[in-house]
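Reader: Got a minute to walk me through this one? I'd like the overall layout and then some details.

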Amino acid sequence: MFDNSDNYEEIDLLKKPFYLKPRKMIQGYTTEYIKLPSTLVGNIHNRSSLARFGLDVAISSFANPGYEGNLPLVISNLSSHPI
């Protein structure tokens, strides 16, 4: 296994602003903690107001049955300007 942890920085968006550069992606997590029963799946969809700016979270849109925790998000800036 390869330790890639030196390439990552944790940022609290409530304390420090962050601008996602064009055509870059980051990993984030929802604030909400969820627990799905084993009979249901979860699906995340973009808000159209954010999608119009070029912000995409649909890459990581599926939560498996029985998932428990904060949902991980892969957030992408598909635009040509920082968001």
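Author: We'll go from the whole chain to the sheet, the core, the pocket and a few single residues.

Reader: Fine. What kind of model is it?

Author: This is a predicted model.

Reader: How many helices and strands in the protein chain?

Author: One helix and five strands. Reading from the N terminus, the elements run β-β-α-β-β-β.

Reader: What box do the C-alpha atoms fill?

Author: Roughly 40 × 35 × 30 Å, taken along the principal axes.

Reader: And what share of the residues counts as buried?

Author: Of the 83 residues in the protein chain, 23%.

Reader: What about contacts in the protein chain between residues at least 6 apart in sequence? What share joins residues at least 24 apart?

Author: That share is 67%.

Reader: Now the sheet. What is the strand order?

Author: The order is 1-5-3 in an open sheet of three strands, with antiparallel pairing. Strand 1 and strand 3 are the edge strands, each pairing on one side only. Strand 1 covers 25-35, strand 5 covers 68-77, and strand 3 is 55-56.

Reader: How do strands pair in general?

Author: Through backbone hydrogen bonds, either parallel or antiparallel.

Reader: How many bridges join strand 1 to strand 5?

Author: Eight, and the two strands run antiparallel. Strand 3 is joined to strand 5 by two bridges, also in an antiparallel run.

Reader: Give me some partners. What stands opposite M25?

Author: S76 in strand 5. D56 also stands opposite S76. For I26, the bridge partner in strand 5 is I75.

Reader: Switching to the core. Which residues make up the largest nonpolar one?

Author: Nine residues: L20, L36, I44, L55, V57, A63, L71, L73 and I75. Strand 5 gives the most to this core, with three residues.

Reader: Is there a general trend behind that sort of grouping? What is it?

Author: In soluble globular proteins, nonpolar side chains tend to be buried together.

Reader: Take L73. Why does L73 count as buried?

Author: Its relative accessibility is 13%, and buried means under 20%. L73 sits in strand 5.

Reader: How far is L73 from K16?

Author: Their C-alpha atoms are separated by 19 Å, with the two positions 57 residues apart along the chain.

Reader: And V57, what is that in contact with?

Author: I44, H45, N46, V74 and I75, leaving aside neighbours within four places in sequence. Of these contacts, I44 and I75 also belong to the largest nonpolar core.

Reader: On to pockets. What volume does the largest have?

Author: About 1400 Å³. It is lined by 31 residues, and the closest to its centre are L13, I26, Q27, G28 and I75.

Reader: Which strand gives the most to that lining?

Author: Strand 1, with seven residues. Strand 1 and strand 5 each supply at least two.

Reader: How do the lining residues divide by type?

Author: Into 18 nonpolar, seven polar and six charged.

Reader: I75 keeps coming up. Where does I75 appear?

Author: I75 is the bridge partner of I26, a member of the largest nonpolar core and in contact with V57. I75 is also among the residues closest to the centre of the largest pocket.

Reader: Some single residues, then. Where is N70 found?

Author: In strand 5. N70 is partly exposed, with a relative accessible area of 30%.

Reader: What does N70 touch?

Author: Y29, T30, T31, E32 and Y33, not counting residues up to four places away in sequence. E32 lies 38 residues from N70 along the chain, and their C-alpha atoms are separated by 5.9 Å.

Reader: And R23, what is phi there?

Author: Near 60 degrees, a positive value in a residue other than glycine. R23 is found in the segment before strand 1.

Reader: Why is R23 classed as exposed?

Author: Its relative accessible area is 60%, and exposed means over 50%.

Reader: Last one, H81. Where is H81 found?

Author: In the segment after strand 5. H81 is partly exposed, with a relative accessible area of 37%.

Reader: What is H81 in contact with?

Author: L20, P22 and F53, leaving aside neighbours within four places in sequence. The C-alpha atoms of H81 and M25 are separated by 13 Å, and the two residues are 56 apart along the chain.

Notes. Residues numbered from 1 in each chain as written. Predicted model: local features only at pLDDT ≥ 70, side-chain atom pairs only at ≥ 80, totals over all residues. Heavy atoms only, no water. 1 Å grid on protein atoms, 1.4 Å probe; cavity = no way out; pocket = protein on both sides within 12 Å on 5 of 7 lines; lining within 4 Å. Points joined across faces, edges and corners; volume = space filled by probe spheres on them. Helix = DSSP H or I, 4+ residues; strand = E, 2+ residues; numbered from the N terminus. Nonpolar A, V, L, I, M, F, W, Y, C, P; charged D, E, K, R; others polar. Pairing = 2+ DSSP bridges. Core = buried A, V, L, I, M, F, W, Y, C linked by side-chain atoms within 4.5 Å. Buried < 20%, exposed > 50% of the residue type's maximum accessible area, 1.4 Å probe, protein only. Contact = heavy atoms within 4.5 Å.
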